Structures are given as C-alpha cells and as structure tokens.
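Biologist: Please take me closely through a single part of this model, the salt-bridge network and the aromatic pairs that go with it, and give me the cut-offs behind each term as you use it.

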Amino acid sequence: PASLDPPTSSLAKKLRDLAPLPFSAFMEKALFDPDAGYYSHNIATIGRRGDFSTSPTLSPSLSQSIAGWLKQCWRGNNSLPHTVIEIGGGDGSMAQGILRHLGIFGRRKLYYHIVETSAPLRKQQISRLGQLRRCQWHLDMKEALESTGGKAFIISNELVDAFPAELLQWNADKKRWHEIWLKHDGTQWIPIPGNPVELPAASSLQNKHNFTDGQRVERHDSYLKWLAGWLPAWRLGEMLTIDYGDLFPEVYHRRPGGTLRAYFAQQRLESLTEILSRPGKQDLTADVDFSDMRVRTAQLGLREIAFQTQAEFIAGKQVKADPQDPAINPYGAGNAFKVLWQRRSAMTT
C-alpha cells in the first residue's frame, strides 16, 4: 500500500476520482496531464538543478560521439539527408553539443528539428538554440517528417522510458501475467492484479524465465504504438535510440519489484509509496527491455545496424573522454545505457 499526496493536490484528487485504474493510466496522467502533469506543466529543468540529470547535461562526450556518428554515416553514403530530428530534446544540451562538434562545415547544410511536447522544456531549448536559424520545433513526428520530406536522421536520448509503462505481475500458479491496477480506499492506493494480459507473439515475456510468484515487470507498448503511428512517413535515414535498460530477463535480475522508480530533487525513489506520491511533481520511469524493443521494432520494418553500451558507442567514435566522465562509467551510465542503431531504407515498406 502507498500513501497519497495531501488533498491539496488537484491531480491527486483527479486520480482518486478515476480509480480504480491501470497503473499505466496513473503514470500517463502524472506525467502528461495538460493542467498538472510533470512534463506538460511542472518540470523546471534537467541537470544538476533539476529532479534528474541526463548524460548530455553532465558531459559533452555523448553529444560529441553522436556528431561523429553523423559524420561517419555521411561519409559512407552521401545520399543521406543533412537533416536531424531529435525527439524529446531535454534542456537542449544534446542538440547544442552535437551542433558544436559538427563544426562550421558540418553545420553549414544541416537542418536540425526538435519534436517536443513539453512547453517548459521547449522554452529552454529555444532559449539555448533559438538563435540558430536552421533549428525548427514541432509538436509531433508526423509534422516534423512532413517538413523533411520523410528523410532524416532520428535521434533520442531517454525517450522510451518517458512513455507510460504498463506494470505487470507474474502469477506462478497460473503461469500468466496480470496488469497491475490501482484502487483507492479513501486513505491510500492499493495495487491489485487485473485480468490476464494477452501478450504479443513477439513479446520477450513469451521467452523462458525463472521468475517467482509476484515478479513485476514493465512494458513500453505505448512507445511502440506511438512509433508505429508515424513510421510509415519516415522513408529514409538512420536512427539512434539511447536509453537505460538491458536484455530480457537480465533487466530484472534481483529486481522482484521491477525497475519502476521516481526521481525527485535528484533522489532516486523505488518504493511504491514514493512512486505514487506527488503525482505531477516528480518524474516516473522504468528501464527499457531491449530484447522486446529490438524484435518488435524489426517487425515494423527497421533494420538493426548495431546494439551496444553507451561506453562502447563513445569509445567507437574515438572521443577522448575523461576517465571520470559519468557517461562512460562502467558502473553507471556507461553500461546502464544502451545505444540502438537502426536504419530505414528507401526499399522498406
């Protein structure tokens, strides 16, 4: 059971009025409610002064490596577009770093687009990058792809984990997964298992595992549905998806409660009590199951070129990172973050 916010929170009251509801619906409202959601309204900034930090806000090495990756791709195929779409630009640090490390000749023909639905973050990005006439902002991917003729490099950092996740629980006796719902008893939230879940044929949860009764896992099906919605408009280009996570079932090793957590004032909070408190005031997130992601995006027509850790990606671009650089720390972001490189060719349908 988890305590709720005091009744002064309008979003907490709205969620109570909606109960019982799936955890995924709680997370969607907590992050994206138009009036009180964390990303849509309350996020102040990203980095040391915000609730959480990202690799580009802590060091330049990831942005420098992505700039090197772009140059590598252009050298290998001069027909590739000089257009980049970054999805979810954070505070603009990654875009700023990429543009800086491309150099004046690399920037000369480049058009940089940012898809951002968070008004507070878009304001920060424009403040940081708005003076660059080749930067444009969009509210959705279809609009961005229309403006690029469907040809673009697409990059994202910590995007997948920001999508509302389904929270599932294993029933060992029935050998079935159940979606976790939340009910409210007037004082606190209580998680309850809902109906059995019908898994997609390609889901990693169809694979063998040795989970004990009550194991919880997270699914990012909302991201995959969103991706499938705009993917037909993307005709040509390369895509980098960078996020924290691992392969299945290792991603849940020694994590019987799953990977769900909240970030508030640079604190990592893992108890359900903390996760369900302060809706709209803190970030909610979960690790990405890259086994699931790789197979199911391949079914959508994306060709995988490489899958590696962030530290391996940075090292492969000959970036001279400081040994103390948090982006390459093997006990932190260096191995926790993975880089998935996929391709969309003109032949793909």
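The answer below follows the charged side chains and then turns to the rings.

Modeller: This is a predicted model, in which local features need pLDDT of at least 70 and side-chain atom pairs count only at pLDDT 80 or more, while totals for chains, interfaces and linings use all residues. Residues are numbered from 1 along each chain as its sequence is written, and side-chain values use heavy atoms, with hydrogens and water left out.

The model holds 15 salt bridges (a side-chain nitrogen of Lys or Arg within 4 Å of a carboxyl oxygen of Asp or Glu). One of them joins Arg219 to Asp292, with 3.6 Å between the closest N and O atoms. This pair links distant parts of the chain, since Arg219 belongs to strand β10 (residues 216-219) and Asp292 to helix α11 (residues 290-299), 73 residues apart (helices, H or I of at least four residues, and strands, E of at least two, are DSSP runs numbered from the N terminus). Both partners are buried, Arg219 at 3% relative accessibility and Asp292 at 4% (buried is under 20% relative accessible area, exposed over 50% and partly exposed in between, with a 1.4 Å probe and protein chains only).

Helix α11 also carries Arg296, whose side chain meets that of Asp221 in a salt bridge of 2.9 Å, N to O. Here again distant parts of the chain are linked, with Arg296 in α11 and Asp221 in helix α9 (residues 221-230), 75 residues apart. Arg296 is buried at 13% relative accessibility, whereas Asp221, at 21%, counts as partly exposed. Through shared partners, salt bridges join Arg219, Asp221, Asp289, Asp292 and Arg296 into one network.

From the charges we can pass to the rings, among which the whole structure has 19 aromatic pairs (rings of Phe, Tyr and Trp, the last by its six-membered ring, with centres within 6.5 Å; planes under 30 degrees apart are stacked, over 60 edge-to-face and the rest tilted). Phe163 and Tyr223 make an edge-to-face pair, 5.4 Å from centre to centre and with 85° between the planes. Phe163 lies in the loop between β6 (153-157) and β7 (166-171), whereas Tyr223 lies in helix α9, so the pair ties together parts of the chain that are 60 residues apart in sequence. Both rings belong to buried residues, Phe163 with a relative accessible area of 14% and Tyr223 at 4% relative accessibility.

Helix α11 contributes a ring as well: Phe290 pairs with Phe307, and because their centres are 5.3 Å apart with the planes at 50°, the pair is tilted. Phe290 lies in α11 and Phe307 in strand β16 (residues 303-309), so this pair ties together parts that are 17 residues apart in sequence. Phe290 is buried, at 0% relative accessibility, while Phe307, with a relative accessible area of 22%, is partly exposed.

Returning to the ring of Tyr223, we find it in one aromatic cluster with Phe163, Trp226, Trp230 and Trp234. Helix α9 thus holds both Asp221, which is bridged to Arg296 in α11, and Tyr223, which is paired with Phe163 in the β6 to β7 loop. Helix α11, for its part, holds Asp292, the partner of Arg219 in β10, and Phe290, the partner of Phe307 in β16.
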